[in-house]
Amino acid sequence: MTPTATVAPTDPRTTRRLRTYPGIDVSFVRDSSSTADALAEVDRAVPYRVRVIVRAALRHWGLPGLIEPAELLATELVTNAFRHGLGDVGVRLYVTASDLLIEVRDGSPVRPVPGNAALDAEHGRGLLLVTAIADHWGVSPDGTTTWCSLPF
């Protein structure tokens, strides 16, 4: 069974009719040996697994034009979640009437902010890429979920 998101129209002039759109919600258990500086091998493999899930979902939903940017956005958010989060990492991917939304839960109330990476740094550019590629991005009020959107 495919999880779904229910979206109601917000324009009062539209008919009050709910529409259901497809979605996926998966969780990955963090390996207890992972740290921000040294992720366990099983945790390092999760971003690739998420890319496969994103690619399959978008093909199934008839949105192949969003595959490349969505894979990159999901990978960046998941990698950040493993490096800076506290618990298991959850990924939710769903479509509304006009956008693809990607949400990544990491269990940490610390709100992510774009970094200022040195030119030779290996890390620190993830949210800068999200800012450049996504239409919008943000963080849930409790800080545990970072999300971004791509228009169709």
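A cavity, as I shall use the term, is a set of grid points where a 1.4 Å probe fits but cannot get out. I begin with that definition because rolling a probe the size of a water molecule over the atoms shows where empty space is left. The structure before you is a predicted model, and every value I give is computed from it.

Let me apply the term directly. The structure holds one cavity of 30 Å³ or more, and the volume of the largest cavity is about 40 Å³. Which residues line the largest cavity? The lining consists of Ile-24, Val-26, Val-50, Ile-53, Val-54, Val-91 and Leu-93. By class, these divide into seven nonpolar residues, with no polar and no charged residue in the lining. Three elements, β2 (19-28), α2 (46-60) and β3 (89-95), each supply at least two of the lining residues. Helix α2 gives the largest share, with three residues.

I turn now to the overall architecture. The protein chain has four helices and six strands. Read from the N terminus, their order is β-β-α-α-α-β-β-α-β-β. Of the 152 residues in the chain, 38% are buried. The exposed surface of the chain comes to about 8900 Å², and carbon and sulfur atoms supply 55% of that area. As for contacts between residues at least 6 apart in sequence, 56% of them join residues at least 24 apart.

Next, helix α3. This helix covers residues 67-84, 18 residues in total. From its first C-alpha to its last, α3 reaches 25 Å, close to the 26 Å expected at 1.5 Å a residue. Its buried residues are Ile-67, Ala-70, Glu-71, Leu-73, Ala-74, Thr-75, Glu-76, Leu-77, Val-78, Ala-81 and Phe-82. In reading that list, it helps to recall that an α-helix has 3.6 residues a turn, so residues three or four places apart point the same way.

Two residues of α3 lead us to a loop. Arg-30 is placed in the loop between β2 and α1 (41-44). Is Arg-30 buried or exposed? Arg-30 counts as buried because its relative accessibility is 16%, and the cut-off for buried is under 20%. Setting aside residues up to four places away in sequence, Arg-30 touches Ala-81 and Phe-82, and also Asp-43, Gly-85, Leu-86, Gly-87, Asp-88, Val-89 and Asp-106. Between the C-alpha atoms of Arg-30 and Ala-40, ten residues apart along the chain, the separation is 8.7 Å.

Finally, helix α4, where I would draw attention to two positions. Leu-127 lies in this helix, which spans residues 126-133. Leu-127 is buried, with a relative accessible area of 5%. Its C-alpha atom is separated by 8.1 Å from that of Pro-112, 15 residues apart along the chain.

Ile-133 also has its place in α4. At 30% relative accessibility, Ile-133 counts as partly exposed, since that category lies between the 20% limit for buried and the 50% limit for exposed. What does Ile-133 contact, leaving aside its neighbours within four places in sequence? The partners are Pro-69, Leu-72, Leu-73 and Leu-150. One of them, Leu-73, is among the buried residues of α3. Ile-133 and Cys-148, 15 residues apart in sequence, are 9.4 Å apart in space, C-alpha to C-alpha.

To close, I return to the cavity: about 40 Å³ in volume, with a lining of seven nonpolar residues.

Key: Residues are numbered from 1 along each chain as its sequence is written. This is a predicted model: local features need pLDDT of at least 70, side-chain atom pairs count only at pLDDT 80 or more; totals for chains, interfaces and linings use all residues. Side-chain values use heavy atoms; hydrogens and water are left out. Buried means under 20% relative accessible area, exposed over 50%, partly exposed in between (1.4 Å probe, protein chains only). Contact means heavy atoms within 4.5 Å. Accessible areas come from the Shrake-Rupley method with a 1.4 Å probe; for residues, only the protein chains shown count as cover. On a 1 Å grid over the protein atoms alone, a cavity is a set of points where a 1.4 Å probe fits but cannot get out, and a pocket is an open set with protein on both sides within 12 Å along at least five of seven lines; lining residues have an atom within 4 Å of a point. Grid points are joined across faces, edges and corners, and a volume is the space filled by probe spheres set on the points. Ala, Val, Leu, Ile, Met, Phe, Trp, Tyr, Cys and Pro count as nonpolar, Asp, Glu, Lys and Arg as charged, and the others, Gly among them, as polar. The expected span of a helix is 1.5 Å times one less than its number of residues.
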